[in-house]
Amino acid sequence: MIPLKSAAELEVMQENGALLAGILKRLCDDVRPGRTTAHFDRLARQLIAECGGETAFDRLAGFPGAINASLNEEIVHGIPSDDRALAEGDLFSIDIGMVRGGFCADMATTVGVGRISAEARRLLEVGEKSLWEGIRNVRIGNRVSDVSHAIGSFVERSGYHVVREYVGHGIGRELHEDPQIPNYGPPGRGPRLRAGMTLAIEPMVKTDPLPTEVRDDRWTVVTASGGLSVHFEHTVALTEQGAAVLTQGGDARRSVDE
Ligand code: MG
């Protein structure tokens with residue numbers, strides 16, 4: 001069952017999304033060589049508490065951190081650590097979730113640490129664009145896999161590969177609600193998109209086509225080849241007026257239409 005949100009509920013989710021976007025921006029602004037991934041976890045906890053929220057990943061998903069802090073070949077679920085420092089040229093993926101007023105917000109971005117390679121920059125661009133390809137297809141009457149197909153086909157056309165083992169999801173009172181939103185597959189399948197749905201769309205894009213692996217810590221998902229990976233995620237609401245990206249604040253339809 002896909003829970004539809006009322007206008008009042010969407011208002012809370014909009015507020016949460018804007019707050020979380022501000023928090024993630026603060027984290028990204030602080031990225032520089034030498035900072036540890038645990039530093040960002042502590043900062044995230046502080047900023048989430050300051051806006052009256054609670055961290056979602058540890059409380060609701062049992063993850064050992066407020067953020068996923070994943071570097072380079074680490075795709076997602078990297079565990080924040082005082083022993084992991086950012087280095088010039090790294091790709092740093094931060095996935096962050098918050099619950100506040102009974103509703104969740106979830107978003108992710110990947111940033112370069114200092115100067116990064118041209119290849120890393122291109123992967124970043126394709127990863128971020130693929131998220132917007134998906135968001136553009138969040139329209140009333142479309143089906144879930146229209147979003148999946150838009151993301152996957154764009155990534156493959158660009159010469160990269162989507163992660164198949166981890167998918168986007170509905171979001172609301174729960175961090176993970178129906179429907180699941182894969183980042184690949186044929187269009188025209190799955191539930192129809194309706195006003196009141198709130199979706200976390202999150203392509204993970206990598207340089208190799210291989211199945212992912214999980215490290216011995218039982219959390220950190222990595223590319224099998226050691227190749228680079230990026231992760232971009234927004235929480236999006238669908239209303240009669242169209243898709244609104246909640247995790248960037250303000251009216252996002254401008255960006256969707258770009
Ligand atoms: Mg998510």
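Leaving aside its neighbours within four places in sequence, which residues is Phe154 in contact with? I began with this question and kept in mind throughout that the model is predicted.

**Entry 1: Phe154 and the pair of helices around it**

I located Phe154 in helix 5, which spans residues 144-157. With neighbours within four places in sequence set aside, I found Phe154 in contact with Val126, Lys129, Ser130, Glu133 and His149. I then looked up its accessibility, and because the relative value is 12%, Phe154 counts as buried. As a check on a longer span, I took the C-alpha atoms of Phe154 and Gly196, which lie 42 residues apart along the chain, and found them separated by 27 Å.

I turned next to the packing of helix 4 (residues 118-136) against helix 5, where the axes are 8 Å apart and the angle is about 155°. Since angles over 145 degrees count as roughly antiparallel, that makes helix 4 roughly antiparallel to helix 5. I noted the crossing of these two helices as right-handed. On the helix 4 side the contact is made by Val126, Lys129, Ser130, Glu133 and Gly134, while helix 5 contributes Val147, Ala150, Ile151, Phe154 and Val155.

**Entry 2: helices 1 and 2**

I looked up a second helix pair, helix 1 (residues 7-29) and helix 2 (residues 37-50), whose axes come within 10 Å and cross at roughly 150°. Helix 1 and helix 2 are therefore roughly antiparallel to each other, and I recorded that helix 1 passes helix 2 in a right-handed crossing. For the residues that meet, I listed Ile23, Arg26 and Leu27 from helix 1, opposite Phe40, Leu43, Ala44, Leu47 and Ile48 from helix 2.

**Entry 3: the magnesium ion**

Which residues coordinate the magnesium ion? I found Asp106 through OD, His169 through NE2, and Glu202 and Glu233 each through OE, at 2.1 to 2.3 Å. Read along the chain, I wrote the spacing of these donors as D-x62-H-x32-E-x30-E. Asp106 lies in strand 5 (residues 103-112) and His169 in strand 7 (residues 168-170), so this pair ties together parts that are 63 residues apart in sequence. I looked up the burial of these two donors as well, and both Asp106 and His169 are buried.

**Entry 4: Asn183**

I followed Glu202 to Asn183, because that glutamate also appears in a contact list, and Asn183 at 0% relative accessibility counts as buried. I placed Asn183 in the loop between strand 8 and strand 9, the latter running over 198-201. Beyond its neighbours within four places in sequence, I found Asn183 in contact with Ser148, Ile151, Gly152, Val162, Tyr166, Glu202, Pro203 and Met204. I also took the C-alpha to C-alpha distance from Asn183 to Glu54, which is 28 Å, for two residues that are 129 apart in sequence.

**Entry 5: backbone details**

Is the peptide bond from Asp178 to Pro179 cis or trans? I read omega as near 0°, and the bond is cis; Pro179 itself sits in strand 8 (residues 177-181).

I then looked up positive phi values in residues other than glycine. His77 has phi near 65° and belongs to the loop between strand 3 (74-76) and strand 4 (91-100). Because its relative accessibility is 22%, I entered His77 as partly exposed. Arg218 has a positive phi of about 70° although it is not a glycine, and I placed Arg218 in the loop between strand 11 (213-214) and strand 12 (221-222). With a relative accessibility of 73%, Arg218 counts as exposed.

**Entry 6: cysteines**

How many disulfides does a search of the whole structure find? I got 0. To see why, I took Cys51, whose sulfur is 13 Å from the closest cysteine sulfur, in Cys104, and that is too far for a bond, the cut-off being 2.5 Å. Cys104 is likewise in no disulfide, with the sulfur of Cys51 as its nearest cysteine sulfur. I noted finally that Cys51, at 18% relative accessibility, counts as buried, and that Cys104 is buried with a relative accessible area of 0%.

Methods:
Residues are numbered from 1 along each chain as its sequence is written. This is a predicted model: local features need pLDDT of at least 70, side-chain atom pairs count only at pLDDT 80 or more; totals for chains, interfaces and linings use all residues. Side-chain values use heavy atoms; hydrogens and water are left out. Donors are N, O and S atoms within 2.8 Å of the metal (3.2 Å for Na, K and Ca); water is not among the atoms, so sites may look incomplete. Helices (H or I, at least four residues) and strands (E, at least two) are DSSP runs, numbered from the N terminus. Buried means under 20% relative accessible area, exposed over 50%, partly exposed in between (1.4 Å probe, protein chains only). Axes are lines fitted to C-alpha atoms, for helices over the stretch in contact, and angles run from 0 to 180 degrees between N-to-C directions. Angles under 35 degrees count as roughly parallel, over 145 as roughly antiparallel, 65 to 115 as roughly perpendicular and the rest as oblique. A crossing is left-handed if the near helix is turned anticlockwise from the far one by less than a right angle, and right-handed if clockwise. Contact means heavy atoms within 4.5 Å.
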